[in-house]
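Let's take this one as a quick back-and-forth, with the structure in view.

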Amino acid sequence: MYTFGSDNGAGQTAPPLRQETAATDQPPSYESTVQAINAEQAQFHSRMVALQEQTVRLITTQSEEHQCRPELFARQLANFLIERFGLTDTRLSPAASVTSSADSTLQNPTEPDLWDWDAWQAELYSLPYYNRNDEEIYLVEKEEILGDVEIKLDVYLRKPELLNHFKLLPSVKKSVGAWNLSVMNSFLQMKNVIRDKCLPLTPIIKDCISSGLFPRAFIDKLHKIAIPGSAS
């Protein structure tokens, strides 16, 4: 009688070898694929922030050394990069990229004192006092209103180019910390640190305006959240 397998010399047959399916033959799961993509994006974002900071330091150092305005170096460098890499996207300017079509021909304001931010802050925060480390502490008085401000800032800053610009501002670095910023991908992450330190958002908003990051309509909206009847 014919038997499957091989003869072991004692008239018995060994069972056939089973073919195991290698685990590597299985396609990656959805979860692992998403995690890999998120990790790659986070790594790219971290490198981009580091490159931007290095570029800003280089421009600042060179402008001081040659007694020249940093804007001149920045403008020439931007023109070179646009030509060198064939960048024809008209949305290169972060501030211009979010300006509404109705305001697209208008330049974003750069003078925060056009709005009464002292009164705005007084509506949201208590008078400061000093802690044991001699640091000013501000307590939130109107949680719901401040939360509305934070949400609007988060929505506005969701575009990577805007968030990167935001993270380079001196007031943001001072409030959140450069190390913390390197691993943060949203304003809501940053605001948690700002709240933990009991710091007001006012200096950051004023810094955003000074850098031309916000269009007038958005500034008005932020200001009127705390002071409904205000007008710039």
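Q: How far apart are the closest N and O atoms in the salt bridge of Arg195 with Glu150?
A: A heads-up before the number: this is a predicted model, where local features need pLDDT of at least 70, side-chain atom pairs count only at pLDDT 80 or more, and totals for chains, interfaces and linings use all residues. Residues are numbered from 1 along each chain as its sequence is written, and side-chain values use heavy atoms, with hydrogens and water left out. A salt bridge here is a side-chain nitrogen of Lys or Arg within 4 Å of a carboxyl oxygen of Asp or Glu. For Arg195 and Glu150, the closest N and O atoms are separated by 2.9 Å.

Q: Which helices does the Arg195 and Glu150 pair link?
A: Helices (H or I, at least four residues) and strands (E, at least two) are DSSP runs, numbered from the N terminus. Arg195 and Glu150 are 45 residues apart, so to speak a link between distant parts of the chain. Glu150 sits in helix α5 and Arg195 in helix α9.

Q: Is Glu150 buried or exposed, and what about Arg195?
A: Buried means under 20% relative accessible area, exposed over 50%, and partly exposed in between (1.4 Å probe, protein chains only). Glu150 has 4%, so it counts as buried. Arg195 has 24% and therefore counts as partly exposed.

Q: Which residues make up the network of salt bridges around Glu150?
A: Besides Arg195, Glu150 also meets Lys191 at 4.0 Å, N to O. That pair is 41 residues apart, with Lys191 in helix α9 (residues 187-196) and Glu150 in helix α5 (residues 143-156), and Lys191 is buried, as is Glu150. The linked network consists of Glu143, Glu150, Lys191 and Arg195.

Q: Which salt bridge partner does Asp154 have?
A: Asp154 is buried because its relative accessible area is 6%. The residue it pairs with has a relative accessible area of 58% and so counts as exposed. The two side chains meet at 3.1 Å, N to O, and the partner is Arg158.

Q: How many salt bridges does a search of the whole structure find?
A: The general idea is that side chains of opposite charge can pair when their charged atoms come close. Asp154 with Arg158 is one such pair, and Lys191 with Glu150 is another. For the whole structure, the number of salt bridges found is 6.

Q: Which helix gives the most residues to the lining of the second largest pocket?
A: On a 1 Å grid over the protein atoms alone, a pocket is an open set of points where a 1.4 Å probe fits, with protein on both sides within 12 Å along at least five of seven lines; lining residues have an atom within 4 Å of a point. The lining includes Glu136, Ile137, Ser171, Lys174 and Ser175, and the elements that give two or more residues are β2 (136-137) and α7 (170-176). With 3 residues, the biggest contributor is α7.

Q: What is the volume of the second largest pocket?
A: Grid points are joined across faces, edges and corners, and a volume is the space filled by probe spheres set on the points. For the second largest pocket, that gives about 300 Å³.

Q: How far apart are the C-alpha atoms of Pro200 and Tyr138?
A: Pro200 and Tyr138 are both on the lining of the second largest pocket. Pro200 lies in the loop between α9 and α10 and is buried, because its relative accessible area is 8%. Along the chain the two residues are 62 residues apart, while their C-alpha atoms are separated by 6.5 Å.

Q: Which residue has a positive phi although it is not a glycine?
A: Most residues other than glycine have a negative phi. The exception here lies in the loop between α9 and α10 (202-210). Its phi is about 55°, and the residue is Cys198.

Q: Which residue lies 9.0 Å from Val183, C-alpha to C-alpha?
A: Val183 is in the loop between α8 (178-181) and α9. With 55% relative accessibility, Val183 counts as exposed. The other residue is 140 residues away along the chain, and it is Gln43.
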